[in-house]
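Hi,

Here is the structure I promised to pass along. Please have a look at it first, and then read my notes underneath.

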Amino acid sequence: MDTLREGARALGIDLSDEQAGKLVTHLDLLDDWNQRMNLTAIRDRGQQLTKHLLDSLSVRPYLRGSRIADVGSGAGFPGIPLAIVLPDVHFALIESTGKKCRFLEHVRDTLALPNVEVVQSRAEAFKPEERFDRVLARAVGPVADLVRVAGPLVAGGGRLLAMKGRFPEGELAKKLSGWKVAAVHRLVVPGLDEERHVVELCRSHDKTD
């Protein structure tokens, strides 16, 4: 718990006891369900804290608006940890695999997260009643593919955020139909000696900051 609190503080997040407890319970539920289905290859708790929780929270400074979608949510990273620390923001966790959706629903209900919606769908097939201010994806294919499948989910003036490891120079050299790179931010994840970046994309006609 101290590792989690200190790491979050380094990211500018002062966790309440309730939030810290929910973040750790997410990992406990993950360990339990992981015995029956393969949700994560990371079994070591220290690595889970760093590579799942703190890695997820590192993108928080680049979130804006009241509606955020997590594409290919899997075991709920980054969507669940972000929903815990941003209770006033609506998060849609988009996941096509039924078993993973059942896990996400179980986590949402166990942790009492009314701001989380679980959507069983492929991103390109999802037609929300209201589009999203930010659409996030963590380790979900090339940037050009993300633009194609998730771009339509972004509201006017909104942004696509692709969480990456190393700077994706090759991916950014490719044409992004109707979209452009607004910025690439380097992320520093406490306790992680690996590169992390988030690519911020906007529509070609939008102004960049």
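Below is what I found, going through one helix, a few single residues, the backbone and the cysteines.

Please keep in mind that this is a predicted model.

Let me start with helix 2, which covers residues 17–34 and so counts 18 residues. From the first C-alpha to the last, helix 2 reaches 26 Å, close to the 26 Å expected at 1.5 Å a residue. Which residues of helix 2 are buried? They are Gln19, Ala20, Lys22, Leu23, Val24, His26, Leu27, Leu29, Leu30, Trp33 and Asn34. You will see Lys22 and His26 in that list alongside leucines such as Leu23 and Leu27. As for their partners, the buried residues of helix 2 pack against helix 1 (2–10), helix 3 (45–57), helix 4 (79–85) and helix 5 (98–111).

Next, have a look at Arg67, which sits in strand 1 (residues 67–71). Is Arg67 buried or exposed? Its relative accessible area is 14%, and because buried means under 20%, Arg67 is buried. The side chain of Arg67 comes to 3.2 Å from the backbone oxygen of Arg131. Leaving aside residues up to four places away in sequence, Arg67 touches Val89, His90, Glu130, Arg131, Phe132, Asp133 and Arg134. Arg131 therefore turns up both in this list of contacts and as the owner of that backbone oxygen.

Two prolines are also worth a stop. Pro168 is in the loop between strand 5 (154–164) and helix 7 (169–172), and with a relative accessible area of 7% this loop residue is buried. Between the C-alpha atoms of Pro168 and Arg36 there are 34 Å, with 132 residues separating the two along the chain. The other proline, Pro78, lies in the loop between strand 1 and helix 4. A cis peptide bond joins Phe77 to Pro78, with omega at about 10 degrees.

Staying with the backbone, Ala112 is in the loop between helix 5 and strand 3 (116–120). Phi of Ala112 is near 55 degrees, a positive value in a residue other than glycine. Most residues other than glycine have a negative phi, and most peptide bonds are trans.

Finally, the cysteines. How many disulfides are there? The count comes to zero. Cys101 is buried at 2% relative accessible area, and Cys202 is buried too, at 0%.

Happy to go through any of this with you whenever it suits.

Best wishes

Key: Residues numbered from 1 in each chain as written. Predicted model: local features only at pLDDT ≥ 70, side-chain atom pairs only at ≥ 80, totals over all residues. Heavy atoms only, no water. Helix = DSSP H or I, 4+ residues; strand = E, 2+ residues; numbered from the N terminus. Expected span 1.5 Å × (residues − 1). Buried < 20%, exposed > 50% of the residue type's maximum accessible area, 1.4 Å probe, protein only. Contact = heavy atoms within 4.5 Å. Disulfide = S-S within 2.5 Å. Polar contact = N/O pair within 3.5 Å; in protein donor to acceptor, adjacent residues only side chain to side chain.
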